[in-house]
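Trainee: I would like to go through this model with you, residue by residue where needed. Could we begin with the charged groups and the rings?

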Amino acid sequence: MDAAVVKPATTLRQPAELAAHNLVSQDALPGLGAVAKRYAIAITPAVAELIDPNDPNDPIARQYVPSPQELQSETIERVDPIGDRAHSPVEGIVHRYPDRVLLKLVHVCAVYCRFCFRREMVGPGKETALSDAAYTKAIDYIRTHPEIWEVILTGGDPLMLSARRLKEITADLAAIPHVRIVRFHTRVPIADPERVTDEVADALRHPDVTTWVAVHANHPRELTPAARAACARLIDRGIPLVSQSVLLRGVNDTVETLTALMRAFVECRIKPYYLHHGDLAPGTAHLRTSLEEGEALMRKLRGYVSGLCQPDYVLDIPGGFGKIPVGPVYLSPDHDGSAQRRRLLDYCGEVHVYPPE
């Protein structure tokens, strides 16, 4: 008889709880106990309900259910894969690009993705949020650096904060004259849509700044009716939404899945923004694709879906050197060496010369 997920009443955080709800087998518990000691686990009821326990390759489970493979690190993997620490002048701030900073308010999330690039900074034994003193120093840093035009609230997940606190933080940032854009990066509308209340949506807006929200989803099944309603609560208040996704082996590494995901975003009035190549976080090799695979997928996507559905395929250069687009490349010098002539590769793989002969 096929197993079924017993929908939990609260978030699942221990391997034994996962087993009790048919998300892992009892035989898997010894190995998962070691994973839980190192990396945080959290699966909300909304996410648990999406998982098919009869599918060993379920794309939702691969994102959230822990695996013993997470304890197998490769030499190229890094505790801080995108170099946050190298660009952190004060606690809670990452200032990698001149005109924008990250403000990391909290180190907790509604769910913990198994591929998270900050997985060593969240979870067991880690701090949960900035102290009041650290928050004051972070705001002072933003205030005294007039080149900062945009503040990106991340973490952890900033929408884990209360509506009251979110309103206070938005107001604090809006009071800084040179801050014009406040952007919230969040998984909450997908993983715990009931948390996106009218009060939370209202708290993100302020007349003196423009608010954007970047929503993270990796598979079209994650955009449930409840998730779509949560996003609509933000959009209907005039908050524009963009998407962030990570290219993941066994989750969205086919053109059919990426097409469905990007179309679902656009149908929800969410503009596809970034498709991230998997970062070199410890224990995530089983979920990473190659750059060549990513380029091939993006080349196919370009030809089959609307321009509205096209994200930028990007890679964060390890060590803190920034984010760059990584293709695909459609243009190269012609074989005759002419500086004026280029070879063009269309989405079907056919080669053309420009200017035409």
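Mentor: Certainly. In this predicted model, Arg100 lies over the face of Tyr97, at 4.1 Å from the ring centre.

Trainee: And what sits over the ring of Tyr135?

Mentor: That is the charged end of Arg165, which is 4.5 Å from the centre of the Tyr135 ring.

Trainee: How many aromatic pairs does a search of the whole structure find?

Mentor: The search finds 1 aromatic pair. Its members are Tyr273 and Tyr274, and the arrangement is stacked, with 4.0 Å centre to centre and 20° between the planes.

Trainee: Tyr274: buried or exposed?

Mentor: Tyr274 counts as buried, because its relative accessibility is 17% and the limit is under 20%. Tyr273 has a relative accessible area of 25% and is therefore partly exposed.

Trainee: Changing topic, how many disulfides does the structure hold?

Mentor: The structure holds 0 disulfides.

Trainee: Why is there no bond between Cys116 and Cys109?

Mentor: The closest cysteine sulfur to that of Cys116 is in Cys109, and at 6.3 Å it is too far for a bond. A disulfide requires the sulfur atoms to be within 2.5 Å. Cys309 is in no disulfide either; the nearest cysteine sulfur belongs to Cys268, 11 Å away.

Trainee: How accessible are Cys116 and Cys309?

Mentor: Cys116 is partly exposed, with a relative accessible area of 22%, whereas Cys309 is buried at 5%.

Trainee: Now the interior. Which residues of the largest nonpolar core touch the most other members?

Mentor: That core has 87 residues, and those touching the most other members are Ile43, Leu103, Ile142, Val151, Leu153 and Leu241.

Trainee: Take Leu153. What is it in contact with, beyond its neighbours within four places in sequence?

Mentor: The contacts of Leu153 beyond those neighbours include Leu103, Leu105, Pro158, Ile169 and Leu173, as well as Val182, Arg183, Phe184 and His185. There is also a second, separate core of 5 residues, among them Ala40, Cys109, Tyr112 and Val122.

Trainee: Arg183 is on that contact list. What is its bridge partner in β5?

Mentor: The bridge partner of Arg183 in β5 is Trp212. Strand β4, residues 181–186, runs parallel to β5, and 6 bridges join them.

Trainee: How does β5 pair with β6?

Mentor: β5 and β6 (residues 241–246) pair in the parallel sense over 4 bridges. Ala214 stands opposite Val242 in β6.

Trainee: Why is β5 described as largely enclosed?

Mentor: Of the 7 residues of β5 (residues 210–216), 5 are buried, so the strand is largely enclosed by the rest of the structure.

Trainee: What about Lys104, buried or exposed?

Mentor: Lys104 is buried, with a relative accessible area of 11%. The residue lies in strand β2, residues 100–104. Leaving aside neighbours within four places in sequence, Lys104 is in contact with residues including Asp84, Arg118, Met121 and Thr154.

Trainee: One last residue: where is Gly319 found?

Mentor: Gly319 is in the loop between β8 (312–316) and β9 (323–325). With a relative accessible area of 26%, Gly319 is partly exposed.

Trainee: Which residues is it in contact with, leaving aside neighbours within four places in sequence?

Mentor: Gly319 is in contact with Arg78, Pro81, Ile82 and Gly83. Arg221, by contrast, is 98 residues from Gly319 in sequence and 34 Å from it in space, C-alpha to C-alpha.

Technical notes: Residues are numbered from 1 along each chain as its sequence is written. This is a predicted model: local features need pLDDT of at least 70, side-chain atom pairs count only at pLDDT 80 or more; totals for chains, interfaces and linings use all residues. Side-chain values use heavy atoms; hydrogens and water are left out. Helices (H or I, at least four residues) and strands (E, at least two) are DSSP runs, numbered from the N terminus. Buried means under 20% relative accessible area, exposed over 50%, partly exposed in between (1.4 Å probe, protein chains only). Contact means heavy atoms within 4.5 Å. Rings of Phe, Tyr and Trp (its six-membered ring) pair if their centres lie within 6.5 Å; planes under 30 degrees apart count as stacked, over 60 as edge-to-face and the rest as tilted. A charge sits over a ring if NZ of Lys or CZ of Arg is within 6 Å of the ring centre and within 35 degrees of the ring normal. A nonpolar core is a set of buried Ala, Val, Leu, Ile, Met, Phe, Trp, Tyr and Cys residues joined through side-chain atoms within 4.5 Å. Two strands pair if DSSP finds at least two bridges between them.
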